[in-house]
Amino acid sequence: MSKLKIDLLFAEIGSTTTVVTAFHNIDGNVKILSQGEHWTTVNEGDVTIGIEKAIARLKEKIGEKNISWSKFAASSSAAGGLKMTVHGLVYDMTVRAAREAALGAGAVIKYVTAGKMDEFHIQKILEIQPKLILLAGGVDYGEKETVIYNAKILSKLELDIPIIYAGNIAAAEHVEYILKSAGKTVFVTENVYPKIDQLNVEPTRNIIKEVFAQHITKAPGMEKIYDIVDYKIHTTPGAVMKTTQLLSEIYGDVLTVDIGGATTDIDSVTEGSVEIQEIMISPEPTAKRTVEGDLGLFVNARNVINLMGEENLREEFPNLSELKERISPYPKSDEDEKFISRLALYCFQQGIRRHVGVKKHIYTPLGRKLVAEGKDLSAVRFLFGTGGFLSRSKYADKVLKSINTLSKLHPMELLPQNEVEIYRDKHYIFAAIGVIATEIDKNIARKILEKNLEKLGG
């Protein structure tokens with residue numbers, strides 16, 4: 001019996017669903033043969049069960065009972081974020097820079113401190129049981145007493161977890177000696193805040209991604225994943241950020257919105273406009289990611305309904321009680337899908353508004369002055385939608401097009417100011433593209449990306 005040989009099989013293992021995509025002829029005129037989908041089986045103690053069932057559905061769609069593949073790759077968000085704590089010198093400087101690095105790498109920040117730590121902070125860390133600690137503080141060759149003091153405090157912590165040091169380079173050797181002498185695993189990298197008004201988050205992000213990959217294999221239900229993959233497993237959010245950076249190389253100033261079952265993730269790559277940069281009071285990373293853990297269409301749907309207000313929704317959907325009971329990753333009727341689209345519109349707009357910064361007036365000895373703080377999206381001209389709803393729903397275009405009315409409704413927020421061109425990830429493969437770009441070939445990833453994008457009309 002003949003067997004179909006696929007070049008690359010990719011599994012995106014989400015909090016709700018697992019999607020398997022078959023890529024063929026990736027060195028030439030690449031084709032997406034088909035996709036299979038099944039709910040994620042992390043709660044059954046083995047995520048590979050869901051992958052195997054998704055592959056079975058893929059076979060049905062292709063019409064082949066026997067398939068094999070040359071390579072298998074995967075990304076995951078099913079293990080949950082990597083719990084970590086962040087400790088710096090000044091909250092508005094090094095702590096904020098450290099948060100940016102963590103959020104861009106799939107971490108969930110559970111605790112943040114600024115200044116000198118003490119036994120109370122150690123107790124809080126023990127209660128949280130993080131998987132990683134990030135220690136930062138001080139510009140290069142500036143104040144170093146605090147980070148050295150905090151290293152001594154952390155050396156007493158009775159947890160066997162890695163500690164990243166991304167602070168003042170002048171203290172790096174001393175900090176490393178203190179922590180290693182206490183038996184800690186230490187990663188020393190470049191300062192996240194090397195100079196005033198300068199962020200340097202990528203080196204720290206890369207280490208967090210490495211630790212996350214190790215964390216995945218230890219999460220419940222994920223132990224067997226490395227038995228079937230040929231490459232390092234990436235975090236789905238990190239892979240989508242990589243794709244957004246690839247989009248930036250093609251288009252310039254870009255914004256990606258990923259609405260999932262549990263979270264709404266916003267990725268932007270832009271320096272912002274010259275006008276806003278002139279009044280900006282603190283730096284922001286060029287590539288920024290935010291995760292809204294309370295905005296999701298399945299796991300967090302009821303939370304979104306509460307945020308929107310049941311009374312408001314009931315005016316639009318008189319049978320709200322029935323619709324709430326039928327919420328599913330796979331809407332059964334047009335009415336169900338229309339209801340989900342209303343929740344998605346809220347997640348989309350609130351996610352972006354939480355991501356951006358604001359303009360505001362402050363009063364100085366010379367009078368009132370206009371300043372800006374936070375991420376500036378005013379120069380963004382291209383928007384990309386991904387995730388199950390934005391990639392597949394017939395109502396996705398309405399949600400995505402609402403980007404062009406937001407700035408008029410909220411004029412003091414640093415939202416896109418000009419008409420934005422809108423595309424969607426029509427095959428739901430942004431995570432796959434990010435992994436292919438990192439692990440296989442960037443040019444191949446770019447070719448797949450350009451073929452995959454679907455431009456939405458006006």
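This is a short walk through the sheets, helices, cores and two unusual backbone spots of the structure above. Keep in mind that the model is predicted.

Let's start with the open sheet. Six strands make it up, in the order E13-E12-E11-E16-E17-E18. The pairing is mixed. Which strands stand at the edges? They are E13, residues 287–292, and E18, residues 453–455. Each has a single partner strand, so one side of each has no neighbour in the sheet. On average, neighbouring strands here are turned by 20° against each other, direction ignored.

Now look inside that sheet. E16 covers residues 382–386, and E17 covers residues 421–425. The two run parallel, joined by four bridges. For one residue pair, take Phe384: its bridge partner in E17 is Tyr423.

Next, a hairpin. Strand E2, residues 17–24, and strand E3, residues 31–39, run antiparallel. Eight bridges join them. Val19 stands opposite Glu37 of E3. Between the two strands of the hairpin there are six residues.

That turn holds our first backbone oddity. In general, most residues other than glycine have a negative phi. Asn25 is not a glycine, yet its phi is positive, about 60°. Asn25 sits in the loop between E2 and E3. Is Asn25 exposed, partly exposed or buried? Its relative accessibility is 36%, so Asn25 counts as partly exposed.

Tyr141 is another such case. Its phi is positive too, about 65°, and again this is not a glycine. Find Tyr141 in the loop between strand E7, 132–135, and helix H4, 145–154. Tyr141 has 65% relative accessibility, and because the cut-off for exposed is over 50%, Tyr141 counts as exposed.

On to the interior. As a general point, nonpolar side chains in soluble globular proteins tend to be buried together. Here, the largest nonpolar core has 39 residues. Which of them touch the most other members? Leu343 and Ile352 do. Several elements give two or more residues to this core, including strand E11 and helices H9, H11, H12 and H15. H12 gives the most, with eight residues.

Stay with Leu343 for a moment. Setting aside neighbours within four places in sequence, Leu343 contacts Leu297, Ala301, Val304, Ile305, Met308 and Leu313. Apart from this core lies another one, of 31 residues. Among its members are Ala73, Val435, Leu449 and Leu453.

Val435 leads us to helix H16, residues 430–439, where Val435 is one of the buried residues. H16 is mostly covered: eight of its 10 residues are buried. Besides Val435, the buried ones are Phe430, Ala431, Ala432, Ile433, Gly434, Ile436 and Ala437.

Leu449 leads us to a helix pair. Helix H7, residues 236–251, packs with helix H17, residues 442–452. The angle is about 80°, and the axes are 11 Å apart. That makes H7 roughly perpendicular to H17. Who makes the contact? From H7, it is Thr243, Leu246, Leu247, Glu249 and Ile250. From H17, it is Lys442, Ala445, Arg446, Leu449 and Glu450. By class, the H7 and H17 contact has five nonpolar, one polar and four charged residues. So Leu449 of H17 has two roles in this talk, because it belongs to the core of 31 residues and takes part in the contact with H7.

Technical notes
Residues numbered from 1 in each chain as written. Predicted model: local features only at pLDDT ≥ 70, side-chain atom pairs only at ≥ 80, totals over all residues. Heavy atoms only, no water. Buried < 20%, exposed > 50% of the residue type's maximum accessible area, 1.4 Å probe, protein only. Core = buried A, V, L, I, M, F, W, Y, C linked by side-chain atoms within 4.5 Å. Contact = heavy atoms within 4.5 Å. Axes fitted to C-alpha atoms, helices over the stretch in contact; angles between N-to-C directions. Parallel < 35°, antiparallel > 145°, perpendicular 65-115°, else oblique. Nonpolar A, V, L, I, M, F, W, Y, C, P; charged D, E, K, R; others polar. Pairing = 2+ DSSP bridges.
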